[in-house]
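Student: Could we go through this model together, beginning with the ligand and its surroundings?
Tutor: Certainly; here is the structure.

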Amino acid sequence: MARVAVLASGSGSNFEALAKALNGGPHSVALLVCDKTGAGCLDRAARLGVKSLVVAYAKGGTPEVRQEAERTMTTVLESSGIDLVVLAGFMRVLTPLFVNRWKGRLINIHPALLPRHPGAHGIADSFASKDAELGVTVHWVDEGVDTGAVLAQRSFPRTPGLTLEEAESHIHSLEHELYPQVVLSVLDGLG
Ligand code: GRF
């Protein structure tokens, strides 16, 4: 039985999909870590009965500031007996300190078909492109931004007249379907 922590910054719809999918099975989403007071994911955690924690990132964005927050996160993750760390809309770039500590136990979901459109605006960038397909990617996290080995992808064709709102909604429903499947299969492989 494995314990999963989700790191999120925003609405937390992927966190909720994961918590619900694992609920009732051998594994659990045991912890939500959020870097933003008042984020929607914290309300979802309270509603779902998942323990949550806000980790403050001090102002500055320097590697030292980020590493300090990451040390706090690792201490909590270790003391909570976490086996797998799942990023779901966590809007901070992790330093090698954190990535190396959790390597092989750290995955992310990105709302575009990597290696195309990495970065913070995957949906807008892929929608604005002339790509014939849009989609989502689940990948291992390495030291780069959205560069880790791909675990799984799902795509759909760009239909004529597709709006940004429709693309977003299709992408989010694919995420909610794919992420729990991949997390469960990664957990099976962790042994
Ligand atoms: C998702 O689109 C995810 O791919 C991206 O951030 C978004 C998070 O959405 N990394 P939510 O907070 O899970 O609703």
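Student: Which residues are around the ligand?
Tutor: In this predicted model, the residues around the ligand are Ser-11, Gly-12, Ser-13, Asn-14, Gly-89, Ile-109, His-110, Pro-111, His-172 and Glu-175.

Student: How does that shell divide by class?
Tutor: The shell around the ligand has 7 polar, 2 nonpolar and 1 charged residues.

Student: And which elements each supply at least two residues of the shell?
Tutor: H1, E5 and H6 each do so.

Student: What is the ligand's distance from Ser-13?
Tutor: A ligand oxygen atom lies 2.5 Å from an N or O atom in the side chain of Ser-13. With Gly-12, the partner is a polar backbone atom, 2.7 Å from an oxygen atom of the ligand.

Student: Which backbone is a nitrogen atom of the ligand 3.3 Å from?
Tutor: That of Ile-109, where the partner is a polar backbone atom. As for burial, the protein covers 83% of the 370 Å² of accessible area that the ligand has on its own.

Student: Which space does the ligand take?
Tutor: The ligand occupies the largest pocket, whose volume is about 830 Å³. The lining of this pocket comprises 35 residues, and the closest to its centre are Gly-89, Phe-90, Met-91, Ile-109 and Pro-111.

Student: Which elements each supply at least two residues of that lining?
Tutor: Helix H1 (13-22), strand E5 (106-110), helix H5 (122-128) and helix H6 (164-190) each do.

Student: How do the lining residues divide by class?
Tutor: There are 14 nonpolar, 15 polar and 6 charged residues in the lining of the largest pocket.

Student: Changing topic to the backbone: where is the cis peptide bond?
Tutor: It joins Leu-114 and Pro-115, with omega at about 10°. Pro-115 is placed in the loop between E5 and H5.

Student: What about phi at His-117?
Tutor: His-117 is not a glycine, yet its phi is positive, at about 60°. This residue is also found in the loop between E5 and H5. As background, most residues other than glycine have a negative phi, and most peptide bonds are trans.

Key: Residues are numbered from 1 along each chain as its sequence is written. This is a predicted model: local features need pLDDT of at least 70, side-chain atom pairs count only at pLDDT 80 or more; totals for chains, interfaces and linings use all residues. Side-chain values use heavy atoms; hydrogens and water are left out. On a 1 Å grid over the protein atoms alone, a cavity is a set of points where a 1.4 Å probe fits but cannot get out, and a pocket is an open set with protein on both sides within 12 Å along at least five of seven lines; lining residues have an atom within 4 Å of a point. Grid points are joined across faces, edges and corners, and a volume is the space filled by probe spheres set on the points. Helices (H or I, at least four residues) and strands (E, at least two) are DSSP runs, numbered from the N terminus. Ala, Val, Leu, Ile, Met, Phe, Trp, Tyr, Cys and Pro count as nonpolar, Asp, Glu, Lys and Arg as charged, and the others, Gly among them, as polar. A residue is near a molecule or strand if one of its heavy atoms lies within 4 Å of it. A polar contact is a pair of N or O atoms within 3.5 Å; within protein, one must be able to donate a hydrogen and the other to accept it, and residues adjacent in sequence count only if both atoms are side-chain atoms. Accessible areas come from the Shrake-Rupley method with a 1.4 Å probe; for residues, only the protein chains shown count as cover. A molecule sits in a cavity or pocket if more than half of its atoms lie within 2 Å of its grid points.
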